[in-house]
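Got your viewer open? Grab the mouse and follow along, one selection at a time.

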Amino acid sequence: MEGSEDQMLHARPVYVAAVDLSSSEEFLELTKSALQAALEALAPGSLFGLVTFSHKIGLYDVQRPILVVKNVFVHQDTEGILPIELEDVMPLLQFLAPVETCKDRITSALETLRPITSWERTPGAGQVLDGMLMGGRGFGAAMEALCNYFGSEYGNTFALARVFAFLSGPPDYGPGQLDTRRYGEQYASKGEDADCALLPEQTPFYKDLAAVAVQAGVCVDIFAVTNEYTDLAYLKFLSIESDGSLFLYANTDDSTLPQDIRPYAFNCVLRLRKSTEFKPGHSYGHFFPDPQYENVQHIICCDSFATYAYDFDFTNNVGFSRDFAWHRIL
């Protein structure tokens with residue numbers, strides 16, 4: 001490809017693995033095997049980034065001879081913002097590594113992933129650093145930071161990115177945290193109907209974040225490996241409304257996670273031709289309408305299972321006229 005470095009990056013597909021470190025060794029081993037399979041399937045020219053999340057967000061620089069990891073701590077409160085933007089921590093061109101030249105270093109970086117220790121992630125331990133409580137699963141903060149990392153004003157998308165988010169339980173730290181304690185036996189012990197507790201919306205955080213992701217050209221796949229109640233009813237918006245998928249596995253032993261990471265097409269164009277007697281009606285599928293042109297939808301990325309449907313309305317009765325004799329025969 002010819003052109004400046006920024007232009008070349010804009011034209012290349014980007015894949016980012018966001019890995020939950022508030023997890024177990026078994027979860028991380030499954031995640032590593034899935035990412036190894038994905039690396040082998042990526043086309044030449046693809047760019048790859050590795051990020052981890054817990055009570056902090058870790059950015060991995062695999063383009064240097066020696067692996068460099070830079071961390072940003074997440075504030076515990078739901079309104080908390082990162083003390084520094086990810087772009088200021090590590091420039092995007094430094095974070096995204098060419099797969100064809102850095103595959104071995106990416107593999108080595110994956111092997112360094114370890115769960116955070118129990119004293120780090122247990123809020124009861126009372127570990128406080130500059131007003132921030134150590135511990136928890138800051139999934140919402142990580143996804144918001146990644147969308148801002150790649151995003152810009154509409155029409156100037158820096159890179160089309162697909163994020164593989166590996167989650168081992170409900171987000172319980174920082175922005176987007178969900179309170180799953182109000183469900184199940186806790187409600188039954190109070191004599192309340194647990195089914196009714198599913199109805200109120202906890203937070204619009206992930207639905208609002210999905211709109212930001214779409215505008216930034218970021219597609220999010222969520223792979224949840226947990227038997228805990230994770231409140232996927234709210235997490236799902238981030239994936240399905242950004243053209244992504246949502247996978248739930250009850251345990252690591254029966255998981256098909258490595259097989260579920262499939263190849264995708266980016267920045268797609270779908271042309272739909274119709275007769276002049278029709279006009280397009282409602283449309284259904286994972287895309288978002290162009291803010292400027294009517295009847296133009298953008299598909300961030302899709303796989304062979306993507307499905308789109310359209311309704312048509314008749315604009316005139318040409319082709320439907322019947323003569324009197326024909327009606328009498330009927």
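Start by selecting helix α2 (residues 25-41) and helix α5 (residues 99-111); their axes come within 11 Å and cross at roughly 175 degrees. Keep in mind that this is a predicted model. Angles over 145 degrees count as roughly antiparallel, so α2 is roughly antiparallel to α5. Now show the side chains where the two helices touch. On the α2 side, pick Lys 32, Leu 35, Gln 36, Leu 39 and Glu 40. On the α5 side, pick Val 99, Lys 103, Ile 106, Thr 107, Leu 110 and Glu 111. Colour them by class and you get five nonpolar, two polar and four charged residues in this contact.

Next comes another helix pair. Select α9 (residues 205-216) and α10 (residues 232-240), whose axes are 8 Å apart and make an angle of about 5 degrees. Are these two roughly parallel or roughly antiparallel? Angles under 35 degrees count as roughly parallel, and therefore that is the label for α9 and α10. Light up Tyr 206, Lys 207, Leu 209 and Ala 210 on α9, then Tyr 234, Leu 235, Phe 237 and Leu 238 on α10, to see the contact. Seven of these residues are nonpolar, none is polar and one is charged.

Stay on α10 and click Ser 239, which belongs to this helix. Ser 239 counts as buried because its relative accessibility is 0%. What does Ser 239 touch, leaving out residues up to four places away in sequence? Turn on Val 220, Ile 222, Gly 244, Ser 245 and Leu 246 and you have its neighbours.

One of those neighbours, Ser 245, leads to the next stop: it is also touched by Arg 262. Find Arg 262 in the loop between α11 (257-260) and β11 (265-268). Here the relative accessibility is 22%, so Arg 262 counts as partly exposed. Besides Ser 245, show Phe 247, Asp 303 and Phe 305, which Arg 262 touches as well, again skipping residues up to four places away in sequence. Then add Leu 42 and draw a distance between the C-alpha atoms: Arg 262 and Leu 42 are 220 residues apart in sequence, but 9.7 Å apart in space.

Time to go hunting for salt bridges. How many are there in the count? The count comes to five salt bridges, and we'll visit some of them.

Select Arg 137 and Asp 20, which form a salt bridge with their closest N and O atoms 2.6 Å apart. Arg 137 sits in the loop between β7 (132-133) and α7 (139-150), while Asp 20 is in strand β1 (residues 14-20), so the pair ties together parts that are 117 residues apart in sequence. Switch on the surface and look for the pair: Arg 137 is buried, and Asp 20 is too.

Now jump to Arg 162 and Asp 221, whose side chains meet in a salt bridge at 2.8 Å, N to O. This pair also links distant parts of the chain, with Arg 162 in strand β8 (residues 161-167) and Asp 221 in strand β9 (residues 218-225), 59 residues apart. Arg 162 is buried, with a relative accessible area of 0%. Asp 221 counts as buried at 0% relative accessibility.

For another bridge, pick Arg 64 and Asp 61, with closest N and O atoms 2.9 Å apart. Which of the two partners is buried, and which is partly exposed? Asp 61 is buried, with a relative accessible area of 1%, whereas Arg 64, at 39% relative accessibility, counts as partly exposed.

Now select α7. Its twelve residues should span 16 Å at 1.5 Å a residue, and its end C-alpha atoms are 17 Å apart, which agrees. This helix is mostly covered, with ten of its twelve residues buried. Click through the buried ones: Phe 139, Gly 140, Ala 141, Ala 142, Met 143, Ala 145, Leu 146, Cys 147, Tyr 149 and Phe 150.

Leave Ala 141 highlighted for the last stop and add Glu 79, in the loop between β4 (68-73) and α3 (86-89). The C-alpha atoms of Glu 79 and Ala 141 are 9.8 Å apart in space, with 62 residues separating the two in sequence. Is Glu 79 buried or exposed? Its relative accessibility is 67%, so Glu 79 counts as exposed.

Notes
Residues numbered from 1 in each chain as written. Predicted model: local features only at pLDDT ≥ 70, side-chain atom pairs only at ≥ 80, totals over all residues. Heavy atoms only, no water. Axes fitted to C-alpha atoms, helices over the stretch in contact; angles between N-to-C directions. Helix = DSSP H or I, 4+ residues; strand = E, 2+ residues; numbered from the N terminus. Parallel < 35°, antiparallel > 145°, perpendicular 65-115°, else oblique. Contact = heavy atoms within 4.5 Å. Nonpolar A, V, L, I, M, F, W, Y, C, P; charged D, E, K, R; others polar. Buried < 20%, exposed > 50% of the residue type's maximum accessible area, 1.4 Å probe, protein only. Salt bridge = Lys/Arg side-chain N within 4 Å of Asp/Glu carboxyl O. Expected span 1.5 Å × (residues − 1).
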